[in-house]
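User: Please go through the structure below with me. I would like short answers with the reasoning shown.

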Amino acid sequence: MTSLPFPISGVCVRVKKNVGACGPYAHIVADFEPPGAGAEKLELLTTLPSSKLPPEFLPALREGLLEGLDGIAASVLITDGTCHPVDSSELGYRIAGEQAGRAARIGAGLLPKEAAEGLRWATWPGMPRPKPRAGERPQM
């Protein structure tokens with residue numbers, strides 16, 4: 001089993017899909033590390049109280065992380081986040097986990113930097129700058 005080669009800290013994902021003033025919402029900040037000896041494919045830990053990350057969303061977050069990491073073993077520590085009393089949902093946390101896992105793979109060099117263009121809600125230190133769209137001015 002392949003594992004994350006080195007730590008990727010500060011991966012932030014904020015899913016905001018407003019459709020008619022509501023939609024899935026999730027916000028997490030995660031640190032990814034190579035797994036310890038004998039660890040599972042994914043070790044998921046959180047320092048957040050249930051008011052910031054309700055436990056009922058952890059299975060969806062785990063599912064999304066497994067999908068985003070795509071077979072890469074990692075230890076993931078959720079260090080910050082928020083939830084919305086109405087709009088937070090399993091779908092939002094599954095999307096957040098998948099985007100965070102893919103961001104960690106890009107940050108670790110396990111996916112090409114061009115793959116970052118497909119991550120709508122994720123940011124991380126060292127993230128490649130997005131290419132300007134046609135008609136947009138480049139960001140300074």
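The questions below cover the chain as a whole, one helix and one loop residue.

User: What kind of model is this, and in what order do its elements run from the N terminus?
Analyst: This is a predicted model, in which local features need pLDDT of at least 70 and side-chain atom pairs count only at pLDDT 80 or more, while totals for chains, interfaces and linings use all residues. Residues are numbered from 1 along each chain as its sequence is written, and side-chain values use heavy atoms, with hydrogens and water left out. Helices (H or I, at least four residues) and strands (E, at least two) are DSSP runs, numbered from the N terminus. The chain has 2 helices and 5 strands, in the order β-β-β-α-β-α-β.

User: How many of the residues of α2 are buried?
Analyst: Helix α2 covers residues 90–107 and has 18 residues. Buried means under 20% relative accessible area, with exposed over 50% and partly exposed in between (1.4 Å probe, protein chains only). The helix is largely enclosed by the rest of the structure, because the buried residues number 13 of the 18.

User: Is P24 buried or exposed?
Analyst: P24 sits in the loop between β1 (8–16) and β2 (25–33). Its relative accessibility is 14%, so P24 counts as buried.

User: How far apart in space are P24 and E90?
Analyst: Beyond its neighbours within four places in sequence, P24 has contacts (heavy atoms within 4.5 Å) that include D87, S89, L91 and G92. P24 and E90 are 66 residues apart in sequence, and their C-alpha to C-alpha distance is 8.1 Å.

Methods: The expected span of a helix is 1.5 Å times one less than its number of residues.
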